[in-house]
Amino acid sequence: MLTFLARRLAQVVPTLFFVSILIFCLQQLLPGDPALVLAGEERDEQALAEIRARYRLDQPLPVQYLYWLGGVLQGDFGESMRIQRPVAELVLEKLPVTLQLGTMAFLVACLIGIPAGVVAAVKKDRAWDWIANGVALWGLSTPNFWLGIMMILFFSVELGWLPPSGYTSLREDFWQSIKTTIMPAFVLGNAIAAVLMRHTRSAMLQVLGQDYVRTARAKGLAEKVVVVKHALRNAAVPIVTLGALEFGQLLSGAVLTEQVFTIPGFGKLIVDAVFNRDYLVVQGVVLVTATVYVSLNLLADVAYILLNPRLR
Amino acid sequence: MRTGSCAAIAAALLFASAASAQTLRIGLREDPDVLDPTLARTYVGRIVFASLCDKLFDIDEQLRIVPQLATGHEWSADNKALTIRLRPGVRFHDGEVLDAEAVKLSIDRHLTLQGSFRRSEINVVQSVVVVDPLTVRLDLSVPFAPLIAQLTDRAGMVMSPKALREAGAQFGSRPVCAGPFRFAERVAQDRIVLERFEGYWDRASIHVEKVVFQPIQDTTVLLANLQAGQLDLVERVNPTDGAAIRRDRRLRLVGGDELGYNGLTINVGNGERAKTPLGQSARVREALELSIDREVINQVVYAGEFVASPQWVPPTSPFFLKDLPMPARDVARARRLLAEAGTPSPVVNLMIPNNPDLRQVGEVIQSMAREAGFDIRLQATEFASALQAAARGDFEAFLVGWSGRSDPDGNIYSFASCKGGQNDGRYCDAEVDRLLDEARAVPDAAQRIAIYRKVAALYLERDRGRIYLWHRKNLFAHSARLQGLRLVPDGLIRPQGVRLQ
């Protein structure tokens, strides 16, 4: 177990290094001069030259990369060109927002997806199965931004129950915070619930056909116990993997949903930064999300081992 | 200590209860950039500044220049020195006194700070002289009539010397000015909160206690917030949403002419891509103009809410040339011109910023010009990439807008003069250059109009270095309980006189 963990940890460093080079290079492929975008209408050659010098945009790429990497290793992610605030500060400001939204969306997904998958598997080829499958198909194929706008129009404009957009932090006002995030969390969770439901269903079907389930039933155990304790626990491994990956994706920011609901999280930060060619912000956010993603993968591996004693 | 904190809590509670009723919530279409008058660049940033930082001068609904932090000004006989008298008793948000020294410090900072975007606006200023505590004199290198107009915007904002000393280049993260509201907090991409400044020199005109700006990019969501009562006022409403807003009894739609324009920039001299029939022949450009019906664009794409126009200033501007006609669509004549130019069906690659309404404009132009024989190919390009392509000369024609300045010089000089920083098509004509410089040197409006008429005769009627198409309107939607909003053509939201019932 320990050597396994150590080996996986050792893989993290080169992965992140590779990610950092990749994101740096990919960005340079984007057309558009950051200084020109920053200047917008105020295109003054002298000011442009000063901006290029200040952010080292006039230097060769490897030099720019090394300066950036050097800073990152010392915990300095540089500064946003657009609003002139440290990138690390922006990331720290957005992290709780994205964490909250991601966690809530994940909860929504699990609460809907897993029970629906279990029911669909147990009631295979009956009405409940068809209904669950139909809903899952709908969830998978509904575009986030459309569902988001429809929910805003219905719950905020028509009924006036929830604020249409914006974000209040949990610390500021707990209920208001829940109110501002429940719609985006549902929109995000909805799509993932569908994926989770499909996976849970197939994993459960596989397990339910196994001998030990028949044995459990033959022992006279209640159906509930058989399904939840014996079948679901063994079906959980692929579900956990998928869940961790989906959660990782949630934490890298939900671009469209955050845009529609104006949630100031990672997704919005990174999209705005790309359009503004705010390179340092893009690099910083991608590096942080890559780290989160890699860590979640690691956690999923640990969870396997805890769930499946045979892997120990 | 304990009484202090109790008092603070009591004050906070009192404030919170009163603030909920008296908070003006404004929806912006983008997140503003840095809130430093020297370094700022965006239009939405200027909207925030209108509540935060007063300027030496302001403009009114008729585009007249009115004093704000100044009380008056006079030009020297040779038009090379501008003396400004300051309003007495004005204080900054930090309690410091606004005097001639502070004005000098702010203008000097605009002229010297690294990365200043104000330098090019006022670089004719050679020195700022403190005459007495309430009088400053700006000495210029050449006569420059648009200077006062520049001082009605960010170049005329006066920043607290104490805050500048303490914050330096970080001033923008906690700006301290002399406007009606003081900076309270900013959460990037979420909100900017300003609180009323009780020591404001024109305190009687301010009726709300707080202003909150919220950037919301999606126009549907922006409008939904207004309809749901989460915002009181939103800027730059989509013209196509106009009908729905007018139907809603709780909302009001108001709009006035803006200062800018939208039109076609044509590459006539910037590199290889200028060597097209359109770039080389004024006849082909005239044919293109004649094939387009500007009013059709306005009706089809903008529900008729905007103003079709062939000029660089809108009809409400005193500098609008009344005797410059808008050419009517004439397909037969356009075909004749193309035949004369020897290119009956020229190919034109038209670059358009990739957003829905401008793409639609491109399609309307494409189909109208096709009837005259043009083969227009649309290149929808993401905005940042389009900007760079335009600056490099990597375009044939570019559908682009300009937000406009209150002085006409700001709409034409850097676009049409040979060395102009925004002259992407590299139009260059010695006589136009001479006239544009002449228009800068005379403060008299009537004389300047006569000069601009001559510029139009060459730049538009003879050469068609650019084809102006329409002026937008500043469309605002607000809740019916908001009153007293003044519509100044610069499209900024001035909090003076605004009330929430």
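This is a short chat about a predicted model with chains A and B.

Student: Before we start, what are the ground rules for this model?

Tutor: Residues are numbered from 1 along each chain as its sequence is written, and chains are lettered from A in the order in which they are written. It's a predicted model, with local features needing pLDDT of at least 70, side-chain atom pairs counting only at pLDDT 80 or more, and totals for chains, interfaces and linings using all residues, while side-chain values use heavy atoms, with hydrogens and water left out.

Student: Why is Leu256(A) called partly exposed?

Tutor: Buried means under 20% relative accessible area, exposed means over 50%, and partly exposed is in between (1.4 Å probe, protein chains only). Leu256(A) has 47% relative accessibility, so it counts as partly exposed. You'll find Leu256(A) in helix 11 of chain A; helices here are DSSP runs of H or I with at least four residues, and strands are E runs of at least two, numbered from the N terminus.

Student: What makes the nonpolar surface patch?

Tutor: Phe145(A), Trp146(A), Met150(A), Leu153(A), Val255(A) and Leu256(A) make it, at about 510 Å². Helix 7 (144-158) and helix 11 (255-261) of chain A each give two or more of those residues, and helix 7 has the largest share with four. The rule takes residues with over 30% relative accessible area and no salt bridge, joining nonpolar side chains (Val, Leu, Ile, Met, Phe, Trp, Tyr) within 5 Å and like charges within 9 Å. Areas come from Shrake-Rupley with a 1.4 Å probe, and for residues only the protein chains shown count as cover.

Student: Which elements does chain A have?

Tutor: Chain A has 13 helices and zero strands. Of its 312 residues, 49% are buried.

Student: Why is the meeting of Glu382(B) and Arg277(A) called a salt bridge?

Tutor: The term needs a side-chain nitrogen of Lys or Arg within 4 Å of a carboxyl oxygen of Asp or Glu. For Glu382(B) and Arg277(A) the N to O distance is 2.7 Å, so the pair fits the rule. The rule finds three salt bridges across the interface of chain B and chain A.

Student: How many residues does the contact take from each chain?

Tutor: 50 from chain B and 43 from chain A, where contact means heavy atoms within 4.5 Å. The buried area, which is the accessible area (1.4 Å probe) that two parts lose on being put together, summed over both, is about 4000 Å², with 49% from carbon and sulfur atoms. Arg41(B), Phe117(B) and Gln189(B) supply 17% of the area that chain B buries against chain A, more than any other three residues.
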